[in-house]
Amino acid sequence: MGSGETRQQVLVLYLANSSLDSSVKAWAIYDGTAKTRHMPGDSEKPPYTNGLEALLDGWRLIQASPLINHSKGEEFRMGYLKYEFFFEKLEHSD
């Protein structure tokens, strides 16, 4: 990585519901800076307890899941993670 280049870090949080202050149920981190490498399941504790904490730590929200009505009988189906939020940070190399 050359001096002064900007690299992207991406954080994906799956929350309990559509509110940014709801609890994190699953997550993924992708680090384009190559400073760290993350693998699925490499930590039992999420990097933040909710999406608002990520915002307060400097992550920028770039996408939130659309709200979709459940069809009758599907209100409590847990086979997927519906509330997905994408965050990014831009890191500058020295």
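In this predicted model, four strands form an open sheet in the order β2-β1-β4-β3, and their pairing is antiparallel. The edge positions are taken by β2 (24-31) and β3, each of which has a single partner strand, so one side of each remains without a neighbour in the sheet. From one strand to the next, the twist averages 20°. Strands of a sheet in general pair through backbone hydrogen bonds, in either a parallel or an antiparallel manner.

The pairing of β1 with β2 is antiparallel and comprises seven bridges. Within this pairing, Val10 has Tyr30 of β2 as its bridge partner.

**Nonpolar core**

The largest nonpolar core contains 10 residues: Leu11, Leu13, Leu15, Val24, Tyr48, Ala54, Trp59, Tyr83, Phe85 and Phe87. Strands β1 (6-15) and β4 (83-92) each contribute at least two residues to this core. Leu15 is one of the core members. Residues up to four places away in sequence being left aside, Leu15 is in contact with Leu20, Ser22, Ser23, Val24, Lys25, Gly51, Tyr83 and Phe85.

**Surroundings of Glu88**

Glu88 belongs to strand β4. Its relative accessible area is 8%, and because the threshold for burial is under 20%, Glu88 counts as buried. Two polar contacts of the Glu88 side chain are listed below.

| Side-chain pair | Polar contact distance |
|---|---|
| Glu88 and Gln8 | 2.5 Å |
| Glu88 and Arg60 | 2.2 Å |

Beyond residues up to four places away in sequence, Glu88 touches Gln8, Gln9, Gly58, Trp59, Arg60 and Ile62. Among these neighbours, Trp59 is also a member of the largest nonpolar core. The two polar partners, Gln8 and Arg60, likewise appear in the contact list of Glu88.

**The loop residue Gly58**

Gly58 is located in the loop that connects α1 (51-56) with β3 (60-64). The relative accessibility of Gly58 is 43%; this value lies between the limits of 20% and 50%, and Gly58 is therefore classed as partly exposed. Glu88, by contrast, is buried.

Although Gly58 and Glu88 are 30 residues apart along the chain, their C-alpha atoms are separated by 8.7 Å. With residues up to four places away in sequence excluded, Gly58 touches Glu88 and Lys89. The contact between Gly58 and Glu88 thus links the loop between α1 and β3 to strand β4, on the evidence of heavy atoms within 4.5 Å.

Terms used:
Residues are numbered from 1 along each chain as its sequence is written. This is a predicted model: local features need pLDDT of at least 70, side-chain atom pairs count only at pLDDT 80 or more; totals for chains, interfaces and linings use all residues. Side-chain values use heavy atoms; hydrogens and water are left out. A nonpolar core is a set of buried Ala, Val, Leu, Ile, Met, Phe, Trp, Tyr and Cys residues joined through side-chain atoms within 4.5 Å. Buried means under 20% relative accessible area, exposed over 50%, partly exposed in between (1.4 Å probe, protein chains only). Two strands pair if DSSP finds at least two bridges between them. Axes are lines fitted to C-alpha atoms, for helices over the stretch in contact, and angles run from 0 to 180 degrees between N-to-C directions. A polar contact is a pair of N or O atoms within 3.5 Å; within protein, one must be able to donate a hydrogen and the other to accept it, and residues adjacent in sequence count only if both atoms are side-chain atoms.
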